[in-house]
2 protein chains.
Amino acid sequence: MHTDKIRITHQREVILETLKAVKTHPTADELYDMVRRQLPRISLATVYRNLEWMSEQGIVKKIEVGGRQKRFDGNIMPHYHIRCVECGKVDDVECDFLVAANQIPDTINGYRVLGHSMELQGICPDCNLKKVSS
Amino acid sequence: MHTDKIRITHQREVILETLKAVKTHPTADELYDMVRRQLPRISLATVYRNLEWMSEQGIVKKIEVGGRQKRFDGNIMPHYHIRCVECGKVDDVECDFLVAANQIPDTINGYRVLGHSMELQGICPDCNLKKVSS
DNA sequence: TTATTTGCAAAAACTTTGCTGATAA
DNA sequence: TTATCAGCAAAGTTTTTGCAAATAA
């Protein structure tokens with residue numbers, strides 16, 4: 001993907017606005033469904049291409065965690081996530097108690113360290129209810 | 001998958017031995033290639049089914065991190081990983097400096113917390129070399 | 001003996017890509 | 001005007017599933 005001249009297309013704007021507007025961490029096809037309400041003719045490929053491109057640009061963040069599908073986050077401030085192992089939903093976590101990120105060396109096992117991510121796994125309130133009532 | 005009567009099949013033994021024997025964190029198809037040297041007629045579906053089943057049983061661990069494919073770890077002791085963003089390789093990390101796991105509450109945002117995982121992202125020595133020399 | 005597991009092939013799920021027409025600048 | 005981008009469809013990649021034959025117990 002060239003970076004010579006970047007265009008602000010309508011699709012690109014709507015995808016970004018939509019992602020920024022939600023506090024969830026949608027997959028490409030979830031975002032596609034949301035965006036389609038404004039742009040009924042948009043294609044899933046465009047959503048994929050733009051999410052990939054925006055995460056390369058650092059405009060959004062590709063969530064590097066478990067689960068089947070990739071998820072995206074409009075919040076690029078450092079923070080961690082908790083994922084429901086039943087339904088796959090991902091929420092933000094307040095994490096004062098967790099990692100002292102500034103203690104992470106910039107070289108480990110010969111790797112040049114670029115970043116880190118932390119995922120808690122759990123069962124969300126909704127899925128907890130379903131399990132209790134079944 | 002029923003759990004009424006569990007059979008110790010030859011395939012299951014070889015898959016587990018092979019995974020335990022390596023210090024890498026192979027994907028299903030990497031493990032398939034390794035196992036096939038001993039069991040040339042085994043199918044990839046069997047590898048997938050058994051890895052899934054063994055991770056449900058807690059015999060092995062499915063690595064909940066980024067990257068395209070799922071990876072599996074024969075080491076079920078708690079530890080963290082570093083993944084090369086260039087080639088996808090995953091190594092273990094010594095992590096005294098990282099998370100105080102016992103500080104993680106067992107309820108967060110209404111989620112019942114089951115576990116956590118941490119991934120560092122970086123560039124491995126091999127890929128670093130390739131980048132320097134190109 | 002018989003219920004579980006395998007191998008195979010097909011399908012499903014998710015993501016990327018090639019191409020042509022549309023469009024931002 | 002024109003190089004970038006979108007839409008569409010097709011292909012690629014990874015994982016799961018149905019079913020008949022094989023097999024562990």
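**Exercise 1. Find Asn109(B) in this predicted model and work out which loop holds Asn109(B).**

Step 1. Start with the place: Asn109(B) sits in the loop that runs between β5 (107-108) and β6 (111-123) of chain B.

Step 2. Check the backbone. Asn109(B) is not a glycine, yet its phi is positive, at about 55 degrees.

Step 3. Is Asn109(B) buried, exposed or partly exposed? Its relative accessibility is 45%. Buried would need a value under 20% and exposed one over 50%, so Asn109(B) counts as partly exposed.

Step 4. Now look at chain A. Asn109(A) lies in the loop between β5 (107-108) and β6 (111-123) of chain A, with a positive phi near 55 degrees. At 45% relative accessibility, Asn109(A) is partly exposed.

**Exercise 2. Take stock of chain A: list its helices and strands in order, then describe its burial.**

Step 1. Count the elements: chain A has four helices and six strands.

Step 2. Walk along from the N terminus, and the order reads α-α-α-β-β-β-β-β-β-α.

Step 3. Get a feel for the dimensions. The C-alpha trace of chain A spans about 50 × 40 × 25 Å along its principal axes.

Step 4. Turn to burial: of the 134 residues in chain A, 41% are buried.

Step 5. Finish with contacts. Take those in chain A between residues at least 6 apart in sequence; 48% of them join residues at least 24 apart.

**Exercise 3. Test whether α1(B) and α3(B) have the spans expected from their residue counts.**

Step 1. Take α3(B), residues 44-57. Its 14 residues, at 1.5 Å a residue, should span 20 Å. The end C-alpha atoms are 20 Å apart, so expectation and model agree.

Step 2. Repeat for α1(B). Its 12 residues should span 16 Å, and the end C-alpha atoms are 16 Å apart, so that agrees too.

Step 3. See what comes right after α3(B): Gly58(B) takes a positive phi of about 80 degrees.

**Exercise 4. Work out which residues of α3(B) are buried and what covers them.**

Step 1. Pick out the buried residues of α3(B): Val47(B), Asn50(B), Leu51(B), Trp53(B), Met54(B) and Ser55(B).

Step 2. Keep the helix repeat in mind: with 3.6 residues a turn, residues three or four places apart point the same way.

Step 3. Look for the cover. The elements over the buried residues of α3(B) include α1 (10-21), α2 (28-36), β1 (61-63) and β2 (71-73) of chain B.

Step 4. Do the same for α1(B). Here the buried residues are Arg12(B), Val14(B), Ile15(B), Thr18(B) and Leu19(B), and their cover includes α2, α3 and β2 of chain B.

Step 5. Zoom in on Asn50(B), which lies in helix α3 of chain B. Its relative accessible area is 6%, so Asn50(B) counts as buried. Leaving out residues up to four places away in sequence, Asn50(B) touches Arg12(B) and Ile15(B).

**Exercise 5. Describe how α1(A) and α3(A) pack, then see what Arg12(A) does with Trp53(A).**

Step 1. Read the geometry: α1 (residues 10-21) and α3 (residues 44-57) of chain A pack at an angle of about 70 degrees, with their axes 10 Å apart. Angles from 65 to 115 degrees count as roughly perpendicular, so α1(A) is roughly perpendicular to α3(A).

Step 2. List who makes the contact. From α1(A) come Gln11(A), Arg12(A), Ile15(A), Leu16(A) and Leu19(A); from α3(A) come Thr46(A), Val47(A), Asn50(A), Leu51(A), Trp53(A) and Met54(A).

Step 3. Look at the ring. Arg12(A) lies over the face of Trp53(A), 3.9 Å from the ring centre. In chain B, the charged end of Arg12(B) sits over the ring of Trp53(B), 4.0 Å from its centre.

Step 4. How many aromatic pairs turn up in the whole structure? The search finds zero over all chains.

**Exercise 6. Compare the surroundings of Arg83(B) and Glu30(B).**

Step 1. Place them: Arg83(B) is in strand β3 (residues 80-84) of chain B, while Glu30(B) is in helix α2 of chain B.

Step 2. Check accessibility. Arg83(B) is buried, at 7% relative accessible area; Glu30(B), at 32%, is partly exposed.

Step 3. Go through the contacts, not counting residues up to four places away in sequence. Arg83(B) touches residues including Glu64(A), Tyr111(A), Glu119(B) and Gln121(B). Glu30(B) touches His25(B) and Arg71(B).

Key
Residues are numbered from 1 along each chain as its sequence is written. Chains are lettered from A and ligands numbered from 1 in the order in which they are written. This is a predicted model: local features need pLDDT of at least 70, side-chain atom pairs count only at pLDDT 80 or more; totals for chains, interfaces and linings use all residues. Side-chain values use heavy atoms; hydrogens and water are left out. Helices (H or I, at least four residues) and strands (E, at least two) are DSSP runs, numbered from the N terminus. The expected span of a helix is 1.5 Å times one less than its number of residues. Buried means under 20% relative accessible area, exposed over 50%, partly exposed in between (1.4 Å probe, protein chains only). Contact means heavy atoms within 4.5 Å. Rings of Phe, Tyr and Trp (its six-membered ring) pair if their centres lie within 6.5 Å; planes under 30 degrees apart count as stacked, over 60 as edge-to-face and the rest as tilted. A charge sits over a ring if NZ of Lys or CZ of Arg is within 6 Å of the ring centre and within 35 degrees of the ring normal. Axes are lines fitted to C-alpha atoms, for helices over the stretch in contact, and angles run from 0 to 180 degrees between N-to-C directions. Angles under 35 degrees count as roughly parallel, over 145 as roughly antiparallel, 65 to 115 as roughly perpendicular and the rest as oblique.
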